[in-house]
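Biologist: I'm new to this one, so could you walk me through it? Let's put it on the screen and take the questions as they come.

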Amino acid sequence: MKKQLMVVDDSRMAELQIRKLLEDSDYEVAAYCENGEEAIARYDEIRPDVVTMDIIMPGIDGLETAQIILEEHPDAKIIMISSLVCDDTIHDASTIGAMTFLYKPVSRDSLLRALENAVR
């Protein structure tokens, strides 16, 4: 059985790219959320093995969304994915409990490696 992934990103293209990168892998996209509010509302319903989270989104940003999910579900596995390149952001993501940080555009190898590390 494939591991379930929730993709949280305001860009539908990012979600489609992740789906393509996951072809012929042990992972599949179980849910796509366009913003943080939707991700928080649907997390209980989906109970994904891993969440990929964009940072810059309308409404609640990805860091705050990740923090809320992790407060409610300390066992959640969250991988931050963003084009935002800033040491402070990476530090903030790590401080709130994100598993790792990947830069867009994401490669298949880096995504699969991050997913494997998260579910271990």
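Biologist: What volume does the largest cavity have?

Modeller: Keep in mind that this is a predicted model. It holds 1 cavity of 30 Å³ or more. The volume of the largest cavity comes to about 70 Å³.

Biologist: And which helix gives the most to the lining of that largest cavity?

Modeller: The lining includes Val7, Val8, Asp9, Ala14, Gln17 and Ile18. Elements that give two or more residues to it are S1, helix H1 (12-21) and S3. With 3 residues, the one that gives the most is H1.

Biologist: How many residues of the lining are charged?

Modeller: Among the lining residues are Asp9, Asp54 and Lys104. The lining divides into 7 nonpolar and 2 polar residues, and the charged ones number 3.

Biologist: Let's move to the cores. Which element supplies the largest share of the largest nonpolar core?

Modeller: That core has 21 residues, and those with the most contacts inside it include Met6, Val8 and Ile69. Strands S1 (3-8), S2 (27-33), S3 (50-53) and S4 (78-82) each supply at least two of its residues, as do helices H2 (36-46) and H3 (62-72). The largest share, 4 residues, comes from H3.

Biologist: How many residues does the other core have?

Modeller: It lies apart from the largest one, and Val7, Val29, Tyr32 and Leu111 are among its members. Its residue count is 18.

Biologist: Now Ile55: is it buried or exposed?

Modeller: You'll find Ile55 in the loop between S3 and H3. Leaving aside neighbours within four places in sequence, Ile55 is in contact with residues including Leu63, Met80, Leu84 and Phe101. Its relative accessible area is 4%, and under 20% counts as buried, so Ile55 is buried.

Biologist: What distance separates the C-alpha atoms of Ile55 and Thr89?

Modeller: Along the chain these two are 34 residues apart. Thr89 is also among the contacts of Ile55, with neighbours within four places in sequence left aside. Their C-alpha atoms are separated by 9.0 Å.

Biologist: Last one: why is the pair of Phe101 and Tyr103 classed as it is?

Modeller: This is the 1 aromatic pair that the structure holds. Phe101 counts as buried at 12% relative accessibility, while Tyr103, at 38%, counts as partly exposed. Their ring centres are 5.2 Å apart. The planes meet at 65°, and over 60 degrees is the cut-off, so the pair is edge-to-face.

How values were computed. Residues numbered from 1 in each chain as written. Predicted model: local features only at pLDDT ≥ 70, side-chain atom pairs only at ≥ 80, totals over all residues. Heavy atoms only, no water. Core = buried A, V, L, I, M, F, W, Y, C linked by side-chain atoms within 4.5 Å. Buried < 20%, exposed > 50% of the residue type's maximum accessible area, 1.4 Å probe, protein only. Contact = heavy atoms within 4.5 Å. 1 Å grid on protein atoms, 1.4 Å probe; cavity = no way out; pocket = protein on both sides within 12 Å on 5 of 7 lines; lining within 4 Å. Points joined across faces, edges and corners; volume = space filled by probe spheres on them. Nonpolar A, V, L, I, M, F, W, Y, C, P; charged D, E, K, R; others polar. Phe/Tyr/Trp six-rings, centres within 6.5 Å; stacked < 30°, edge-to-face > 60°.
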